[in-house]
Structure formats: C-alpha cells, structure tokens
Amino acid sequence: MEVTTEKRSQDVEKSAYPRISSDLTPVNFGPSHPTMHGALRVMLGLDGETIVEAIPEIGYLHRCFEKMSEHRTYHQVIPFSDRLNYASPGMNNVGYAMAVEKLLGIEIPKRAQYIRVLLCELSRISDHCLCLGPQLVDLGALTVYWYLFQVREKMYDLIEPLCGARMMTSYTRIGGVAEDIPDGWIDRAREMIKTSKPLLEDVQGLLNKNRIFIDRTRWIGAISPEDAISYGFTGPCLRAAGVPYDVRKAYPYYDYDRFEFDIPLGDNGDTFDRYMVRMKEMYQSIRIVEQVLENLPDGPIMIDDPKLTLPPKENVYNEIEGLIHHFKIIIDGIRPPAGEVYSYTEAANGELGFYIVSDGSGQPYRIKVRPPCYAVYQAYGELIKGHLIADAVAILSSMNIVAGELDR
C-alpha cells in the first residue's frame with residue numbers, strides 16, 4: 001500500500017524523536033559526529049551556524065546497570081560499577097562498596113580507608129586529564145594533550161600494580177579492598193607525583209594567557225550559581241559557578257576532614273572556569289595523596305567477618321572452613337538486613353550516590369544510581385543556545401559528560 005506524505009508526517013509527529021522548528025535547519029549532533037564525546041545525541045536547530053534550539057536526548061545509550069544489579073549478588077555488582085564513569089572506575093567501586101557497608105552497618109579498617117582515598121585521588125587526577133586533554137584537542141591545542149596524557153599515564157602506572165588493571169579495576173571489596181599495597185609502591189607513588197607537577201605547570205603556562213584559548217572559552221557556556229543549583233549541578237561544574245560544595249568537605253568520609261586541601265572555585269561558570277577548576281583540583285588531589293602516603297596506618301585491609309568477606313585464597317585452597325565460606329558468599333551472597341540506604345561520595349564529576357533497597361535476600365531488591373553527569377547534561381541544551389557549533393563542542397567537553405554513567 002502506498003504511504004502518503006500526510007501519513008508520513010503524522011507518523012513523524014507521533015514519534016519519540018525530538019522535533020526542531022520548521023524554519024530552522026535540523027542537524028544531528030552525535031553520536032557519529034567526530035567531536036562528540038561518547039554515545040550522545042543532540043538535535044540542533046540552526047539559523048546559519050548559530051544554535052537557536054537544542055534538544056539533548058537522555059537515554060540514547062541505556063546500559064541497564066540498575067536492572068542487572070537486581071539479579072546479581074552484592075559482590076557481583078562491583079565489576080558493573082567500573083563501567084559507570086569508566087574514566088575513573090576506582091571511584092565508582094568505592095562509592096558502591098561504601099553504600100553496601102552503610103547498609104550492613106560496618107566500618108572498614110583505617111588502612112583500607114586510606115588506600116581507598118589513594119585510589120580515589122589518583123583516579124580523580126586521571127579523570128581530569130582525560131577530560132581536559134580531548135577538550136583542548138577540540139580547540140586545536142594538540143600539544144597540551146601530550147602533557148596531560150603523560151600525567152594520566154603516570155596515574156595508570158600507579159593504579160595498575162595496585163589493582164591489577166589500568167581500567168575496570170574492581171578493586172574494592174565489601175569490607176575493605178582486594179589486595180594490600182605492593183612492595184615499593186609508596187616510593188614509586190612519591191616519585192610519580194613529584195614528576196607530575198611540572199607537567200601540570202607546563203599546561204597552565206601554555207594556556208592561561210593564551211589569547212586564542214581565552215577567546216574560545218571565556219563567557220562560553222556560562223551558567224549562574226542559581227541556575228547551576230537549580231539543575232542539580234555538583235562537582236567541578238558547580239564549583240566553576242562559584243558554589244563551594246564538595247562532599248569531602250561538607251560530609252567528610254574516610255578522614256577527609258583531617259587532610260588539608262582547598263576547594264577551587266570559578267567566577268563566571270563558563271568553559272574557562274571549568275578548565276581552571278579541574279586544573280587546580282589536580283594539585284589538591286596531589287596534596288591529599290602526599291598526606292595519605294605520609295600517614296598511611298598499619299593494620300588489616302579487610303574486616304574480620306567470614307560471613308561478609310571473601311577469605312584469603314590460601315585459606316580457600318587449604319582449609320575446609322575457608323572453602324565453605326567462599327562457596328557460600330559466591331553462590332548465595334551476603335544478606336544485609338531489610339532496609340534502605342543512600343550513600344554518596346565526591347567522584348570526579350561530582351556527587352555520586354547509590355540508593356540501595358534490601359529485602360534481606362542475597363541480591364539487592366533495588367539499586368538506583370545518582371550520577372553527577374545526569375544533572376549536568378540536562379542543562380547542555382540551554383548552555384549552547386546562541387553559540388556556534390564550534391562552541392557547542394567546547395562546552396560539551398568542558399562538562400565531561402560520560403555516557404556510561406549518564407544512561408545507567
């Protein structure tokens with residue numbers, strides 16, 4: 001049967017795809033656009049090269065993290081958490097494990113807490129490098145990319161011997177961490193941190209007074225403190241707007257209240273301030289890492305409870321009790337009491353929260369993730385209106401939207 005033009009137009013009106021005003025030129029900005037960061041799709045309405053309308057499609061890539069987690073034991077969810085913000089997976093591990101431990105009402109040993117802080121701050125530096133490096137490539141500053149990726153490689157050279165993997169670390173365990181710090185790692189970490197500072201200084205020396213870079217970022221994609229709060233911004237994007245909210249300061253965990261570090265703030269909430277805040281945050285993470293290395297406590301890295309924690313491999317292979325405990329946890333999982341909990345940490349992009357509901361079984365009844373990217377990406381359509389397509393690229397990369405945590 002022949003489909004008429006009228007029938008086609010009716011089908012389009014009923015479709016779920018966003019529609020642009022008929023007097024504008026519609027353009028699909030992503031996911032195939034070469035400058036699109038991840039599997040993101042935005043419908044643009046252009047008047048010439050000026051963006052008049054913009055509709056981000058949240059949910060374009062749906063990974064099913066939350067639903068899959070309902071059919072796994074609590075330990076089996078840990079590898080899934082790696083794939084949220086895959087630029088800093090260790091922070092996802094820590095956030096999830098912390099939520100389950102809060103549900104269980106347990107506190108992990110002090111040494112395990114400090115090791116988690118090390119993992120988080122090294123991951124934060126790596127994440128910021130991965131945000132700023134491609135952002136600057138998008139603006140034509142290829143040289144700076146290599147400086148930042150040298151720093152990122154140094155962080156991965158520390159994370160790999162600690163966790164056994166550069167990415168997808170799966171390092172935390174409910175009740176502690178998988179392995180202790182290897183021999184010689186602390187001295188190597190001090191050296192890596194020391195040699196990273198000059199590279200970061202070189203980046204700022206190349207950019208902070210660069211007229212082209214400033215013209216491409218100043219007052220581009222600016223947002224007011226009130227609007228940032230209204231959208232639910234957290235992390236560097238919120239602090240770039242001048243709001244001094246950081247979970248590590250506001251609601252300290254793992255002795256963050258004992259470490260000396262500052263909260264970098266911006267003035268205008270624009271693309272330049274988002275760059276500057278992330279640069280300064282890397283220096284603050286280095287300060288924290290140096291303090292942790294200096295004050296790392298001795299002691300166990302796991303709580304001593306065979307009903308909650310996997311036994312050491314030598315016990316599994318050589319003792320019947322260890323084999324039984326290992327079998328029970330792997331097959332049946334741990335069984336937190338029925339109840340619900342919300343736990344949150346300061347991840348690289350902002351407040352990463354896990355809401356977990358337990359029905360007393362070995363699998364979560366419900367897991368809901370509060371990813372920082374979700375709130376930030378909602379504002380993207382408004383931030384790019386009135387700008388050019390080239391500016392939309394710069395704004396998106398400065399927001400560091402990671403599709404893996406945006407569409408869980």
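Which residue follows H4, and what is the sign of its phi? Gly105 comes right after the helix, and its phi is positive, near 75°. Keep in mind that this is a predicted model.

## Helix H4

H4 covers residues 89-104. With 16 residues, the helix reaches 23 Å from its first C-alpha to its last, close to the 22 Å expected at 1.5 Å a residue. H4 is also largely enclosed by the rest of the structure, because 15 of its 16 residues are buried.

## Positive phi outside glycine

Gly105 has a positive phi, but a couple of residues other than glycine show one too. Take Met168, with phi near 50°. Met168 lies in the loop between H6 and strand E4 (172-173), and with a relative accessible area of 28% it counts as partly exposed.

Then there's Trp219, where phi is near 60°. You'll find Trp219 in the loop between H8 and helix H9 (225-231). At 55% relative accessibility, this tryptophan is classed as exposed.

## Around Asn268

Trp219 turns up again in the surroundings of Asn268. Asn268 sits in the loop between helix H11 (247-250) and helix H12 (271-294). Setting aside neighbours within four places in sequence, Asn268 contacts Arg218, Trp219, Ala222, Ile223, Ala240 and Asp273.

Ala222 is a nice case of sequence distance versus spatial distance. Asn268 and Ala222 are 46 residues apart along the chain, yet their C-alpha atoms are 6.3 Å apart in space.

## The nonpolar cores

In general, nonpolar side chains tend to be buried together in soluble globular proteins. Here the largest nonpolar core has 62 residues, and Leu148, Trp185 and Tyr275 have the most contacts inside it. The elements giving two or more residues to this core are H4, helix H5 (110-138), helix H6 (142-163), helix H7 (185-207), helix H8 (211-217) and H12. H5 provides the largest share, with 13 residues.

For a closer look, start at Leu148. Not counting residues up to four places away in sequence, Leu148 touches Cys129, Leu132, Gly133, Leu136, Leu200, Val203, Met279 and Met282. There is also a second, separate core of 32 residues, with Ala228, Cys373, Ile401 and Val402 among them.

## The E1-E2-E3 sheet

Now for the strands. Three of them form an open sheet in the order E1-E2-E3, with antiparallel pairing. Strand E1 (25-29) and strand E3 (50-56) stand at the edges with a single partner strand each, so one side of each has no neighbour in the sheet. On average, neighbouring strands here are turned by 25° against each other, direction ignored.

E1 and strand E2 (residues 42-47) are joined by five bridges and run antiparallel. If you want one pair to look up, Thr25 has Leu46 in E2 as its bridge partner.

## Strands E6, E7 and E8

Further along the chain, E6 and E7 form a hairpin with two residues between them. Nine bridges join strand E6 (residues 339-347) to E7, and the two run antiparallel. Ala347 stands opposite Gly350 in E7.

E7 also pairs with strand E8 (residues 366-370), again antiparallel, through five bridges. In that pairing, Tyr355 stands opposite Lys368 in E8. Strand E7 (residues 350-358) is largely enclosed by the rest of the structure, because eight of its nine residues are buried.

## Cysteines without disulfides

How many disulfides does the structure hold? The count is zero. Cys163 can be checked directly: its sulfur is 10 Å from the closest cysteine sulfur, in Cys120, and that is too far for a bond, given that a disulfide needs the two sulfur atoms within 2.5 Å. Cys163 counts as buried, at 16% relative accessibility.

Cys237 is in no disulfide either, as the nearest cysteine sulfur, that of Cys131, is 7.8 Å away. Cys237 is buried too, with a relative accessible area of 2%.

Notes:
Residues are numbered from 1 along each chain as its sequence is written. This is a predicted model: local features need pLDDT of at least 70, side-chain atom pairs count only at pLDDT 80 or more; totals for chains, interfaces and linings use all residues. Side-chain values use heavy atoms; hydrogens and water are left out. Buried means under 20% relative accessible area, exposed over 50%, partly exposed in between (1.4 Å probe, protein chains only). Helices (H or I, at least four residues) and strands (E, at least two) are DSSP runs, numbered from the N terminus. Contact means heavy atoms within 4.5 Å. A nonpolar core is a set of buried Ala, Val, Leu, Ile, Met, Phe, Trp, Tyr and Cys residues joined through side-chain atoms within 4.5 Å. Two strands pair if DSSP finds at least two bridges between them. Axes are lines fitted to C-alpha atoms, for helices over the stretch in contact, and angles run from 0 to 180 degrees between N-to-C directions. The expected span of a helix is 1.5 Å times one less than its number of residues.
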